[in-house]
Amino acid sequence: MPDRVPIDAARLRAAVADERYWNAGHPERGAWQRWFADGYQALYSNDRASGGGGVVHVRAYVRDGHAVAAHMRGAPHRESRDVGSTSDAEDRPRADAPRSGSSLRDLTTSRRSLLNGGPVVPVMAPRRRDGVIGRRPDTILEGGAGGGGAHRPSAGQSQSQVPSPPVISRRSQELVDMIAPGGRPIGGQQGGARSSIRTLPGGEPAAEAMLQRLINGRGAVDITPPRYSGRMYRLDDGTVIGFRPSSASGSPAVDINIPGYTTVRKLHF
Amino acid sequence: MFPLDEVISQLAVSAQTDDVSFPIVLDAWRDVAEPLPGADDTERMLNFVSLLLDHGFVAVTSPYADPPSAPWPEQARGKAAILQRVRREWEALDHEVTFLDLCWFHRPGDGEAKAVTD
């Protein structure tokens, strides 16, 4: 099962047609709408920034005994609200509504900032088996790199129903393809060790070559800490790469931190 | 998903070659099949770190820090002090955790590994 669901206009339309979006009594409605809005934001934010806007088609439905005709509408406004809220105002865009400092719109902005403005692939986490959509914002990102304060909701907001921001950029995916082409991590796994730690032959020359391959053409900024004998770089997608000529065992190691990617964490040579 | 014992064993084997970073520990925690005690994910994560300390792992600075790979001062003050610092630094994070954040975990050889206690 893929760990991400790509978002496109067709999927967003399907999401709007889903009962969880329009049924005011559905227990997952609030979370579903926020999930939708986050996907919308990821998909159409560039259009909105350029004034193009973005719309979705809403099928006809019945609310409180009244027929609502099919219509086109803009992206739902993201605001802090209680989980399970069934207010009719929920899915009406409110340009004047105050926003929580930790709304998902802000999370997306925050993520883009971390990526130094790099492109964000509009992908969303799938529904969890327990039925909760998204991830707990104050805690550990499921399937992601984890994180603390950046994903904390405002006071009073439930922490269990906030959707996930896009988790990996197209730019980062290029790096992923280098260390796990076709989804298969390079190198081998030391028997009994964590699979995210890969072992490759070649010693320091191979480690240096891999480092160059990972950083070249990626706006690498040298962020090597003072007095450190190795090197460290931040790439234009927010990835951090550390090169240690000698790890605890004496062999060179390359530490890799690609935003949103956890399958390969370290290469030993 | 793996049983808790197997996950801890994976980390112990990994630590024979090199200290393990906090993101690797987080990944390991997510791989634990059985539920760990705790009211929320942060507490469950801290419980997992607590188990690592019970198994002889030592909280050390990152190899990129100055000084590199040095035991946290809290190591001498007991497990509660370590967990308190982990919680504090975790909650102060404003970005996804990286190998530069919080601590790494060193595990001395089996002959030397000693669980830290309160």
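**Helix 3 of chain B and its surroundings**

Helix 3 of chain B has these buried residues: Asp41(B), Met45(B), Leu46(B), Phe48(B), Val49(B), Leu52(B) and Leu53(B). They lie on the same side of the helix, because they cover an arc of only 155 degrees around its axis. The model is predicted. The points below start with this helix, then turn to chain B, its contacts with chain A, and a sheet in chain A.

**Helix 3 of chain B**

- Helix 3 spans residues 41-54 of chain B, 14 residues in total.
- From first C-alpha to last, helix 3 of chain B reaches 20 Å. That is close to the 20 Å expected at 1.5 Å a residue.
- The buried residues of helix 3 pack against three helices of chain B: helix 1 (4-17), helix 2 (22-30) and helix 4 (79-92).
- Those buried residues also pack against strand 3 (104-106) of chain B.
- Gly56(B) comes just after helix 3 of chain B and takes a positive phi of about 90 degrees.

**Chain B as a whole**

- Chain B holds four helices and three strands.
- Along the sequence, the elements of chain B follow the pattern α-β-α-α-β-α-β.
- Chain B has 118 residues, and 40% of them count as buried.
- Take the contacts in chain B between residues at least 6 apart in sequence: 68% of these join residues at least 24 apart.

**Where chain B meets chain A**

- On the chain B side, 33 residues are in contact with 36 residues of chain A.
- Helix 1, helix 2, helix 3 and helix 4 of chain B are the elements that each give two or more residues to this side.
- Helix 3 of chain B thus has two entries here: its buried residues pack against elements of chain B, and the helix gives two or more residues to the side that touches chain A.
- The chain B residues on this side divide into 15 nonpolar, eight polar and 10 charged.

**A sheet in chain A**

- Chain A has an open sheet of seven strands, in the order 7-8-13-12-11-10-9. The pairing is mixed.
- Strand 7 (188-189) and strand 9 (221-222) of chain A stand at the edges. Each has a single partner strand, so one side of each is left without a neighbour in the sheet.
- Strand 12 (residues 253-257) and strand 13 (residues 266-268) of chain A run antiparallel and are joined by three bridges.
- Ala253(A) has His268(A), in strand 13 of chain A, as its bridge partner.

Conventions: Residues numbered from 1 in each chain as written. Chains lettered and ligands numbered in written order. Predicted model: local features only at pLDDT ≥ 70, side-chain atom pairs only at ≥ 80, totals over all residues. Expected span 1.5 Å × (residues − 1). Buried ≥ 20, exposed ≤ 12 C-beta atoms within 10 Å, placed from the backbone. Arc of directions from axis to C-beta. Contact = placed C-beta atoms within 7 Å. Nonpolar A, V, L, I, M, F, W, Y, C, P; charged D, E, K, R; others polar. Pairing = 2+ DSSP bridges.
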